[in-house]
Amino acid sequence: VIKCKAAVAWEAGKPLSLEEVAVAPPKAHEVRIKIVATAVCHTDAYTLSGADPEGCFPVILGHEGAGIVESVGEGVTKVKPGDTVIPLYIPQCGECKFCKNPKTNLCQKIRITQGKGLMPDGTSRFTCKGKQIYHFMGTSTFSEYTVVADISVAKIDAAAPLDKVCLLGCGISTGYGAAVNTAKVEPGSTCAVFGLGGVGLAVIMGCKIAGASRIIGIDLNKDKYAKAKEFGATECISPQDFTKPIQEVLVEMTDGGVDYSFECIGNVGVMRAALEACHKGWGVSVIVGVAAAGQEISTRPFQLVTGRTWKGTAFGGWKSVDNVPKLVTDYMSKKIKVDEFVTHTLPFDKINEAFELMHTGK
């Protein structure tokens, strides 16, 4: 058993608490990882807020991390102690019907236990103050050591800087993949990206790499426009600057609508606007943001009858074990940006400040 520091969420709506936790050794087909770097994501904040129907407490959150394999359980063959890895919240077992189907990346092998905050055998590897602590998204990267299933780990280039590539565990991969895998943006196309946080910037990067000629960024926070333009946005607008709905503004700006739109916020009203901003006959709108539990999307069916397509994406459509190492390689060869997404680097004990920076849009 390893004793180490972890940021524990004891209950919903309260700040994280830095505690000493005990991390049990990995069982069969499990891997214990020394986490070197982790990022914070809105999904962590969503669960912490208490709005997540799958949220269980007390829990160690975090799902964008990178580290070094410390030890492996019986039967683990893909990684060994000392390997550099990224934990994966969407695993890839290679055996279930989802993994065998090229149309999806949603491996279901450990979905049920992962959703309950447990390892595949139905137990936890974390204890603190005599209490069992739940796992989160199969990763729990807000701990100096974590245990994950062996199908939830990608072995990456040992030379990769872990404080950067940890972002490929969720946000950058999700946005970039939404553009290149899910939407399959084409050269010369016009795109609209709603929400210019980390995921939105990654969508912009994907649209640019795919050859889009016009990329319109939409956000209420104008402080985000300069960064969006660095990533490839050709122009940025705020819905607050117009009296008419933003979808009407975009339809006028683009002679009938955009070819591709992306919702990167998790707001059902914006999801509708993103669809309705698409061009009749061929427009495709991709939902990337995760809306709160119980919310529903709506539009007039005629929007779809007249040739628009509404799609969703999880982790950018990447089959995780196969593709995360390739994304790291693409970053190392400067094909995709990663460093530019990092705004602040903080010590572990300032994790609550990191959440505050995220909530204030900084």
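## Ile86 and its partner strand

Ile86 stands opposite Ala154, a residue of β10. This is a predicted model. The two strands involved, β6 and β10, run antiparallel and pair over three bridges.

## Strand β6

Strand β6 covers residues 84-87. It also pairs with strand β5, residues 64-72. That pairing is antiparallel too and has two bridges. Within it, Ile68 has Thr84 of β6 as its bridge partner.

Are the faces of β6 buried or exposed? Both are covered. Thr84 and Ile86 are buried on one side. Val85 and Pro87 are buried on the other. Buried here means under 20% relative accessible area.

## The second largest pocket

Strand β10 also belongs to the wall of a pocket. The pocket is the second largest, with a volume of about 370 Å³. Its lining has 20 residues. Closest to the centre are Lys78, Gln92, Cys93, Asp150 and Ile151.

Which elements supply at least two residues each to this lining? They are β10 (153-155) and α11 (320-332). Of the elements, β10 gives the most, with three residues.

## Lining chemistry

How do the lining residues of the second largest pocket divide by type? There are 10 nonpolar residues, five polar and five charged. Among the residues closest to the centre are Lys78 and Asp150, and both of these residue types count as charged. Cys93 and Ile151 are also in that closest group, and their types count as nonpolar.

Definitions and conventions:
Residues are numbered from 1 along each chain as its sequence is written. This is a predicted model: local features need pLDDT of at least 70, side-chain atom pairs count only at pLDDT 80 or more; totals for chains, interfaces and linings use all residues. Side-chain values use heavy atoms; hydrogens and water are left out. On a 1 Å grid over the protein atoms alone, a cavity is a set of points where a 1.4 Å probe fits but cannot get out, and a pocket is an open set with protein on both sides within 12 Å along at least five of seven lines; lining residues have an atom within 4 Å of a point. Grid points are joined across faces, edges and corners, and a volume is the space filled by probe spheres set on the points. Helices (H or I, at least four residues) and strands (E, at least two) are DSSP runs, numbered from the N terminus. Buried means under 20% relative accessible area, exposed over 50%, partly exposed in between (1.4 Å probe, protein chains only). Two strands pair if DSSP finds at least two bridges between them.
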